[in-house]
Amino acid sequence: MQHPKHARTKRMWLWGAGAAVVALAVPVSTAFAGGAPEAAAAVTTGATFNDPAGDSAAQSRIRDHVKNLITGAPAGSTITAGLYSFTDTQVSGALADAKARGVNVKIVIDNAATGDGGQYNALKTALGTDQSKGSFVTNCGVNRGCIGSRELVSGSGDGSINHNKFWLFSETGGTKNVVVQASANMTSLQRTDLFNNAVTIVDAALYGVYQNYFADLSKRQVNNDYYKTPSAGAYKTYFFPRKEAAGKKWNDDASTDTVSLILGNVDCGAGTEVRVAANLFSRREVAEKLVSMKSAGCKVILANDGGTSMSADVSSILAGKLTERVECAEARPGKNPVGLHSKYVLVNGSYEGKTGRKLVFTGSHNYSYAALRANDETLLKIDNAALYDQFKANHAQIMSYCKGS
């Protein structure tokens, strides 16, 4: 399967650049199953999944959900976003309209948005670039993120990226402190060809955590060991890049691999189930941990993107070693294959010594070395059984859809 993961393809195994199938009707007022969104609808916590194999409304669920929230933001409120690739004119137009009606709109965006079809120039015209004003857009710069600026392979010319995909609303639909963390970029490819996920959380403390992170992104101050893990009640965020330990190689240090360490908190002795949806997957440390968990008694169920999205060494490590695995590269007559861009880990069972846990880990973070060591990225831990159940239903449908590959 051929589809561009991001503009810099030479080192996709270093990068982390991300659809979720769903015939699932999400029980959230703003996560509608199809049709036009209702403006200013009340917002509640829940998950949204697109379906690239469905009709236009199903494909556009995440995009339309975000657009609906933008439309529902009243004058005097603030919309804040950290974004990677952005070509969607409907969303950029909604942001311009929001600014015109008195909403403060603040965007930090990767240099990828300045390319063909990118919406950086449109946003610059609508919002300006002066950060002392109520609205602005800032571009992180060429071959760097807003915080990360590391070239993992010397001389490659491929630097860090701001790979974030989050939206913050101080108020929308009459609801305050709304956080949307997505796997999806605002591009047509993400809607029509790739399964993606998004989670909407109404929580003042989490909103504050993301606002603090956004403030650091907007300063554009380089810190290649930025790694922070602030908690907010049932939620914990992991912000990257994270540097390897002293004396270690960036691609050979399990002691600072956040996803491997998270999986290490799982107790496999009591029938715990771990489900993974993976786009780019090149970190041997994560692959080896999944195999060891299966050997220790966990059910480990993996859906991964097809084509070259998984490195050869990771594929070799995993081959025949998990409870179940599918590769998403489903052919469609006259169209690109359907692939997987979602990024999440689900844990049902024992975690950190406590039984009966239902946890979701999701965000922009791929299981690639660049996602860990170089990029501006977010991974969000969610301790919420209802959200877990929604993600599990989505994962089951992805597994079913992709069995043919």
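Two strands count as paired here once DSSP finds at least two bridges between them. In this predicted model, strand 2 (residues 78-83) and strand 5 (residues 166-172) clear that bar with 4 bridges, and they pair in the antiparallel sense. Gly82 has Phe166 of strand 5 as its bridge partner.

That pair belongs to an open sheet of 7 strands with mixed pairing, laid out in the order 1-8-6-5-2-3-4. The edges go to strand 1 (46-49) and strand 4 (136-139); each has a single partner strand, so one side of each is left without a neighbour in the sheet. On average, neighbouring strands of the sheet are turned by 15° against each other, direction ignored.

Two helices can be placed against this sheet. Helix 4 (residues 120-127) packs on it by touching strand 3 (104-109) and strand 4, and the helix direction makes about 145° with that of strand 4. Helix 6 lies across strands 2, 3, 4 and 5 as well as strand 6 (175-182) and strand 8 (197-202), running at about 125° to strand 5.

Next, the nonpolar cores. The largest one has 42 residues, and the members touching the most others are Leu206, Leu380, Ile382, Phe391 and Ile398. Helix 6 (residues 204-219) turns up again here, giving the most to this core with 7 residues. There is also a second, separate core of 32 residues, with Val259, Val300, Tyr351 and Tyr367 among them.

Further along the chain, strand 13 (residues 299-305) and strand 14 (residues 324-328) run parallel and are joined by 5 bridges. Within this pair, Ala303 stands opposite Val326 of strand 14. Put helix 9 (residues 312-318) together with strands 13 and 14, and the result is a right-handed β-α-β unit.

Leu263 gives a view at the level of a single residue. Leu263 sits in helix 7 (residues 258-263). Its relative accessible area is 2%, and since buried means under 20%, Leu263 counts as buried. Leaving aside neighbours within four places in sequence, Leu263 is in contact with Val274, Val286, Lys289, Leu290, Met293 and Val345. One of these, Val286, is 23 residues away from Leu263 in sequence, with 8.2 Å between the two C-alpha atoms.

As for confidence, the protein chain averages a pLDDT of 91, and 90% of the residues score at least 70. Residues 1-38 are another matter: pLDDT stays under 50 over this stretch, for which the model has 164 contacts beyond four places in sequence.

Note on methods:
Residues numbered from 1 in each chain as written. Predicted model: local features only at pLDDT ≥ 70, side-chain atom pairs only at ≥ 80, totals over all residues. Heavy atoms only, no water. Core = buried A, V, L, I, M, F, W, Y, C linked by side-chain atoms within 4.5 Å. Buried < 20%, exposed > 50% of the residue type's maximum accessible area, 1.4 Å probe, protein only. Axes fitted to C-alpha atoms, helices over the stretch in contact; angles between N-to-C directions. Contact = heavy atoms within 4.5 Å. Right-handed = clockwise from strand over helix to strand, strands pointing away. pLDDT = per-residue confidence, 0-100.
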